[in-house]
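User: Hi! I have a model open on my screen and would like to know what stands behind the words people use for it. Could you take me through it?

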Amino acid sequence: MKKSCFLFVALMFLGFMVTGCGGGGGNTIRIGVIAELTGDVPAVGASCKNAAEMAVKEINDAGGLQLGDKKYKVELFIEDNAGKADQSASAAQKLITQQKVLAIIGPNASRYAIPASEIAESSRVALISPWSTTPKTTLDAKSGAPKKYVFRACFIDPFQGRVVAKFTLDNLNLKKAAVLYDVASEYNKGIAEFFKETYEKNGGKVVAFETYTTNDKDFSAQLTKIKRARPEVIFLPNYYSEVPLQIQQAKRLGISVPFIGSDSWGSEEMVKLCGTDCEGYYFSTHYAADAATPVTIKFIDSYKARYGATPDDVAALTYDSFGLLFQAIRSAGKMDRQAVRDALARIPKYEGVTGLMQFQEGSGDPIKSAVILKIKDGKFVWFANANP
Amino acid sequence: MTYLLQQALNALQLGSIYALIALGYTMVYGILTMINFAHGDLFMVGAFLCFVAATYLKLSFVPSLLLSMAGVALLGVVIEKWAYKPLRQAPRVSAIITALGVGIFLENFTLALCPYPKHIPPLIAHEMWSFGGVSISSLQILIILLSILLMILLDFIVRRTMVGMAMRAISWDKTIVPLMGVPVDRVISITFAIGTSLGGAAGVMYGLAYPVIDPYMGIMVGWKAFISAVVGGIGNIRGAMIGGFILGGVEILVAAFLPSTYRDFVAFAFLLVLLIFRPYGILGKPHPQKV
């Protein structure tokens, strides 16, 4: 009995090793995706998965990627991180050691992208996060130098915080702001601080700077505090699943000032959860589906045809991440992790569906412009552009 | 002053929800001396039933509330029959582990059915009144009044009816009472039905106050309600109510006067200290083990 059990385990290991070995020089290009399919922001994971599958299907329908004189099909390995930091790291580990992927796309939210990026960096595998805007994602935690293997397809929060602060001061002409943000989440904390910095530097005043922790549902105490400080506008740089609660509770407490947000608002789920409570508010994000270039329109149309929904910013950025990666693999010309990373680092600029990205030498952060959207009749409508 | 009043109102709203859930823990403990760790998840199921009733069946507030309470009560009775009853003579730890298992099952079952957070439509008309700067919403009044009404009703059942007397008798002595002709199994079922239906009602009210619901919403709220029950003196119904209001009050007060990051840490430190001085809770009485 014991012996057969041992034999079984040994066979299983052997099985893993055989399938594992097959990856490196096989007939397909293996790409890993880590997405938030379950957990607190499942809409983000769903968009990422949809766009990833679409990008891969398009390239495979065209025969695959040309490497040397042969075309290779792309094979996708999607891992769920369950909305947890530790599972993001273990998903990256699994993709790298078991699935032998060439490169990784994802995770999207910064608090999951950071742990996964550590694994990618130490294993020397290129990782592109489509949606993580926190500077820390591409920076080494100890030295503060840029990571060599970590890239992203979006702008970073110092820029976004500045865009929102300037917009509030110059366009909305509101000089007294309150901020309520999740102090336990990297993204929220980072952008709240960048906003405060620029806002106060340019003549605004932050009258209340309140915090909560992830998964809180009751914000009444903080909102009552904010109400007492009499702000003219409230900045909520929080994820789409929490913002509706905050706005609704604020209204129930008699707060009637407008709210502004950041790219974490940009999911269609946000409007569904909000009902009519978020009408007329502005937020900054990566691209506007209604004011698009021909490249973008083609992407939006084929996404709509496939999934029956307008692609949100996560979908567009995931698609761009794949575009970047495909270009890097083509120019690397071989299935080699180091060569792909080097090719990625050499891309000077890339015209994606979310606009033009310019990469600087030695940094994985693109420079690109942001847009301000307005929520109107339950839809996101383009309002303004903000250039770097 | 208006600021304090406003915060007190916030505390009352949060406290009454904690108190309602704490009642379920305390009732089950009182009668079975077991902690039903699945209770927080039954509360979550209550919120989801309300979502189904309001969104798909298009019911108004009162039918949705009744449907949720009945559904959760039924679920509570079924869980007791199938999961807890076979373990009634087993070591206490087995029953607690089973309860944890049932809770995780409920979370993941709901997650499999609807992976996305859901939005409960506003079931009651949104009205706002302002008294000298203090804003009161119709929802706040509804939650506070309905919770108090349910608590008074429960107090009446337990103290003035035959079923209530049987419950109290069983919690007093489990070996003699059956010999007196009290149908123990049926009384336990009724206790579960009442306790969990209050959890379901809390789920509905929580869902109305914080209308974005997800399968994991019951975990933290469940813990806090459990702590309320212990602070009030677990097994004591009035204690659970007081404990709920105390916890709600402490949480809001801390967030109101200290940086909000300190909230849970100060609230729980306060409760730890309270338990050091009153280990059986505020209204709990020590039960010396007779040798």
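User: What makes strands β2 and β3 of chain B a pair, and which way do they run?

Analyst: Happy to help. First, this is a predicted model, in which local features need pLDDT of at least 70, side-chain atom pairs count only at pLDDT 80 or more, and totals for chains, interfaces and linings use all residues. Residues are numbered from 1 along each chain as its sequence is written, while chains are lettered from A and ligands numbered from 1 in the order in which they are written. Now the strands: two strands pair if DSSP finds at least two bridges between them. Here four bridges join β2(B), residues 128–131, to β3(B), residues 134–137, so the definition is met; the two run antiparallel. F131(B) stands opposite V134(B) in β3(B).

User: What lies between the strands of that hairpin?

Analyst: Two residues, and G132(B) takes a positive phi near 55° there.

User: How many helices and strands does chain B have, and what counts as one?

Analyst: Chain B has 10 helices and four strands. Helices are DSSP runs of H or I with at least four residues, strands are runs of E with at least two, and both are numbered from the N terminus.

User: Why is chain B called as compact as a globular protein of its length?

Analyst: The radius of gyration, taken over C-alpha atoms, is compared with the globule rule, 2.2 Å times the number of residues to the power 0.38. For 291 residues the rule gives 19 Å, and chain B has 19 Å, so the description fits.

User: How much of chain B is buried?

Analyst: Of its 291 residues, 51% count as buried, meaning that 20 or more other C-beta atoms lie within 10 Å of the residue's own (12 or fewer is exposed, in between is partly exposed; C-beta atoms are placed from the backbone).

User: How many residues of chain B are in contact with chain A?

Analyst: 25 residues of chain B are in contact with 27 of chain A, where contact means C-beta atoms, placed from the backbone, within 7 Å. Helix α1(B) gives the most to that side of chain B, with five residues.

User: What kinds of residue make up that side of chain B?

Analyst: There are 16 nonpolar, nine polar and no charged residues. Ala, Val, Leu, Ile, Met, Phe, Trp, Tyr, Cys and Pro count as nonpolar, Asp, Glu, Lys and Arg as charged, and the others, Gly among them, as polar.

User: Which element of chain A has the lowest mean pLDDT?

Analyst: Helix α1(A), residues 2–23, with 50, on the predictor's confidence scale from 0 to 100 for each residue.

Methods: Contact = placed C-beta atoms within 7 Å.
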